Amino acid sequence: MRAARLIKLVLLLQSRPSMTAAELAAELEVSERTITRDALALSEAGVPVYADRGRTGGYRLVGGYRTRLTGLARGEAEALFLSGLPGALRDMGLEDAASAARLKVSAALLPSLRDAPDSVARRFLLDAPGWYQEPETPEMLAPIADAVWDDRTMSARYRRGDREVERELAPYGLVLKAGVWYLCARSGTAFRTYRVDRFTAVALSGDRFVRDETFDLAEFWTERAAEFARSILRAEVVVRLTEAGALGLPHVMDRAAAEEALAAGTRDADGRVTATVPVESEEVAFVQLLSLGAEAEVLAPASLRARFGEAAGAMAALYR
């Protein structure tokens, strides 16, 4: 533990011109007294750590000293590629590994490039969760992430509807979509997708599985996401749209389905488009199309058209 801290202290001083004892203590989560002892130990070991006295003083390395202890461990290297996702790293228990990796990379950079990590951080942030959501970390995410990183098979209990099922899984990859975590895993010979927040228990086995090298996580997720989007569109509505309504339709429902429906639609003499649009249900279609107001007229089914008529009457009475 202390050896790792001493290495990190050297790397911190190597990546910056000078740091106060208070700054080092905050970075390493120890007391300033511990920093003083560590600096003395490094000096006795031949590392030229120099302490400047006074109010503006601090610790620095003398004579352009460069340590070669910058090699990345596997976990650190893997975490480095996720360093733009601080929340995801924290949820998977990789925050410390990513911090160590960034520090080692910073220490290995030329002095003229030392501000590169800060420069990027000031200019780019990926905020994965959707609006109006309070992201929650699934209870089983950390052990599942361990299984994914280690190619370790696992036994799991999973909520499916109002019951729980047991599965033996080979966990291939994790996907964070709009603040929701999904596991892509092999069950038997088939690859499937599971919501991580529906796992109620996970037990990692002592066995590792051999990955199918032809499996591509990004390609698999894209295909499954498209299949899911199509699978939930089980109903149809016929709608007549003004030009503004046609422009707005892809923004209020499934974009691909809306664009296909518009392309296959017919245009009347007034420039309005009549299209048959696949939807999840009448209830969902009501909420989606209501946002288009008078730019969209529902022609079928009759029950949905009647509901819009009732809504329009209620709105007219309310604002009369």
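## Helix α10 and the cores and rings around the chain

The elements that cover the buried residues of helix α10 include β8, α11, β10 and α12. Those buried residues of α10 are Gly 245, Ala 246, Gly 248, Leu 249 and Pro 250. The structure described here is a predicted model, and its 320 residues, of which 33% are buried, are arranged with 13 helices and 11 strands. Among the contacts in the protein with a separation of 6 or more, 61% are between residues 24 or more positions apart.

### The nonpolar cores

In soluble globular proteins, nonpolar side chains tend to be buried together. Here the largest nonpolar core has 22 residues, and those with the most contacts inside it are Val 237, Leu 241, Leu 249, Met 253, Val 277, Leu 289 and Leu 304. Two or more residues of this core come from each of β8 (235-241), α10 (243-252), α11 (255-264), β10 (273-279), α12 (282-290), β11 (296-300) and α13 (302-319), with β10 giving the largest share, four residues. Leu 241 can serve as an example: when its neighbours within four places in sequence are left aside, Leu 241 is in contact with Ala 246, Leu 249, Leu 262, Arg 272, Val 273, Leu 292, Glu 295 and Ala 296. Apart from the largest core lies another one, of 19 residues, which includes Leu 174, Leu 183, Tyr 194 and Phe 199.

### Aromatic rings

A search of the whole structure finds 11 aromatic pairs, and two of these pairs are set out below.

| Aromatic pair | Centre to centre | Between the planes | Arrangement |
|---|---|---|---|
| Tyr 182 and Trp 221 | 5.1 Å | 50° | tilted |
| Phe 215 and Phe 220 | 5.3 Å | 45° | tilted |

The pair of Tyr 182 and Trp 221 links distant parts of the chain, since Tyr 182 is in strand β5 (residues 180-187) and Trp 221 is in helix α9, 39 residues apart. Is Tyr 182 buried or exposed? With a relative accessible area of 18%, Tyr 182 falls under the 20% limit and is therefore buried; Trp 221, also with a relative accessible area of 18%, is buried as well. Phe 215 and Phe 220 are both buried, and these two belong to one aromatic cluster together with Tyr 172, Phe 191 and Phe 209.

Charged side chains are also found over rings. Arg 211 lies over the face of Tyr 172, at 4.9 Å from the ring centre, while the charged end of Arg 307 sits over the ring of Phe 286, 4.0 Å from its centre.

### Helix α9 and the surroundings of Ala 22

Helix α9, which holds Trp 221, runs over residues 217-231 and has 15 residues; from its first C-alpha to its last it reaches 21 Å, close to the 21 Å expected at 1.5 Å a residue. At the start of α9, a side-chain oxygen of Asp 216 comes to within 3.1 Å of the backbone nitrogen of Ala 218.

Elsewhere in the chain, Ala 22 has its place in helix α2 (residues 21-28). Because its relative accessibility of 39% lies between the limits of 20% and 50%, Ala 22 counts as partly exposed. Ala 22 and Gly 58 are 36 residues apart in sequence, and their C-alpha atoms are 9.0 Å apart in space.

Conventions: Residues are numbered from 1 along each chain as its sequence is written. This is a predicted model: local features need pLDDT of at least 70, side-chain atom pairs count only at pLDDT 80 or more; totals for chains, interfaces and linings use all residues. Side-chain values use heavy atoms; hydrogens and water are left out. The expected span of a helix is 1.5 Å times one less than its number of residues. A polar contact is a pair of N or O atoms within 3.5 Å; within protein, one must be able to donate a hydrogen and the other to accept it, and residues adjacent in sequence count only if both atoms are side-chain atoms. A nonpolar core is a set of buried Ala, Val, Leu, Ile, Met, Phe, Trp, Tyr and Cys residues joined through side-chain atoms within 4.5 Å. Buried means under 20% relative accessible area, exposed over 50%, partly exposed in between (1.4 Å probe, protein chains only). Contact means heavy atoms within 4.5 Å. Rings of Phe, Tyr and Trp (its six-membered ring) pair if their centres lie within 6.5 Å; planes under 30 degrees apart count as stacked, over 60 as edge-to-face and the rest as tilted. A charge sits over a ring if NZ of Lys or CZ of Arg is within 6 Å of the ring centre and within 35 degrees of the ring normal.
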